[in-house]
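Colleague: Hey, got a minute to walk me through a structure? I'd like to get a feel for it before class.
Modeller: Sure, let me put it up.

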Amino acid sequence: MNENLWAYAPTAGHTPDADLTGYRVDASDGHIGKVDKHSDEVGSQYIVVDTGIWIFGREVLLPAGTITAISHEDKTVQVSRTKDEIKSSPEFDKDKHLGDPHYRDQLGGHYGSGH
């Protein structure tokens, strides 16, 4: 799955011109936050989720390959990871980690193994 981790699955319901900002994000076991930012760059697609008070205002980066469904009607994004998997992800700092290949490798190891 690692090679597709940074691309939306064809069945996810993603459309290239859609703005996902503000969409509700649900893990496999419940609500985790809202989309703060997203990238449609081929080979580097992701969403940044503002978790609000759930994990003390922390933002997390989720590769597009973790997204299982997008409902534009309901403005929701479903991801195939649990709250605990997301909570234990490598810490994200948008000023340091966006575009950082080392951070991308860390996330690939975290989200790509065993799923």
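Colleague: Let's start small. Is Lys75 buried, partly exposed or exposed?
Modeller: Lys75 is partly exposed, because its relative accessible area is 48%, and that falls between the 20% and 50% cut-offs. One thing to keep in mind is that this is a predicted model.

Colleague: Okay. Where is Lys75 found?
Modeller: In the loop between strand 5 (67-71) and strand 6 (76-79). Its phi is near 55°, which is a positive value in a residue other than glycine.

Colleague: Since it's a prediction, what is the mean pLDDT of the chain?
Modeller: The mean pLDDT is 90, and 93% of the residues reach 70 or more.

Colleague: And where is confidence lowest and where is it highest?
Modeller: Confidence is lowest in helix 2, with a mean of 90, and highest in strand 6, at 98. As a general habit, don't read predicted coordinates in detail where pLDDT is low.

Colleague: Strand 6 again, then. What about Thr76, buried or exposed?
Modeller: Thr76 is found in strand 6. It counts as buried, because its relative accessibility is 17% and the cut-off for buried is under 20%. Leaving aside neighbours within four places in sequence, Thr76 is in contact with Tyr23, Arg24, Ala69, Ile70 and Ser71.

Colleague: Now the core. Which residues of the largest nonpolar core touch the most other members?
Modeller: Ile47 and Val77, out of the 28 residues in that core. At least two core residues each come from strand 1 (24-27), strand 2 (30-39), strand 3 (46-50), strand 4 (59-63), strand 5, strand 6 and helix 3 (101-112). The largest share, 4 residues, comes from strand 3.

Colleague: What does Val77 touch?
Modeller: Not counting residues up to four places away in sequence, Val77 touches Tyr23, Arg24, Val25, Asp26, Val35, Ile47, Ile67, Ala69 and Ile70. So you can see Ile47 turning up in that list too.

Colleague: You mentioned helix 3. Which of its residues are buried?
Modeller: Tyr103, Leu107, Gly108, Tyr111 and Gly112. If you look down the axis of helix 3, the buried residues fall within an arc of 145°, so they line one face of the helix.

Colleague: What do those buried residues pack against?
Modeller: The buried residues of helix 3 pack against strand 4, helix 1 (83-87) and helix 2 (94-97). The face turned away from the buried side carries the exposed residues His102 and Asp105.

Colleague: Which residue caps the N-terminal end of helix 3?
Modeller: That's Asp100, where a side-chain oxygen lies 2.9 Å from the backbone nitrogen of His102.

Colleague: Switching to rings: how many aromatic pairs does a search of the whole structure find?
Modeller: The search finds 1 aromatic pair. The partners are Phe92 and Tyr103, with ring centres 5.9 Å apart and planes at 40°, so the pair is tilted. Phe92 lies in the loop between helix 1 and helix 2 and Tyr103 in helix 3, so the pair ties together parts that are 11 residues apart in sequence. Both Phe92 and Tyr103 are buried.

Colleague: Back to loops. Is Gln45 buried or exposed?
Modeller: Gln45 is buried, with a relative accessible area of 12%. It lies in the loop between strand 2 and strand 3. A polar atom of the Gln45 side chain lies 3.0 Å from the backbone nitrogen of Tyr8. Besides neighbours within four places in sequence, Gln45 is in contact with Trp6, Ala7, Tyr8, Ser39, Asp40, Pro63 and Ala64.

Colleague: And what is Asp29 in contact with?
Modeller: Leaving aside neighbours within four places in sequence, Asp29 is in contact with Thr82 and Lys83. A polar atom of the Asp29 side chain lies 2.9 Å from the backbone nitrogen of Lys83. Asp29 sits in the loop between strand 1 and strand 2, and at 44% relative accessibility it counts as partly exposed.

Colleague: Last one: how far apart are the C-alpha atoms of Asp29 and Ser80?
Modeller: They are separated by 9.2 Å, with the two residues 51 residues apart along the chain.

Methods:
Residues are numbered from 1 along each chain as its sequence is written. This is a predicted model: local features need pLDDT of at least 70, side-chain atom pairs count only at pLDDT 80 or more; totals for chains, interfaces and linings use all residues. Side-chain values use heavy atoms; hydrogens and water are left out. Buried means under 20% relative accessible area, exposed over 50%, partly exposed in between (1.4 Å probe, protein chains only). A nonpolar core is a set of buried Ala, Val, Leu, Ile, Met, Phe, Trp, Tyr and Cys residues joined through side-chain atoms within 4.5 Å. Contact means heavy atoms within 4.5 Å. The arc is that of the directions from the helix axis to the C-beta atoms. A polar contact is a pair of N or O atoms within 3.5 Å; within protein, one must be able to donate a hydrogen and the other to accept it, and residues adjacent in sequence count only if both atoms are side-chain atoms. pLDDT is the predictor's confidence in each residue, from 0 to 100. Rings of Phe, Tyr and Trp (its six-membered ring) pair if their centres lie within 6.5 Å; planes under 30 degrees apart count as stacked, over 60 as edge-to-face and the rest as tilted.
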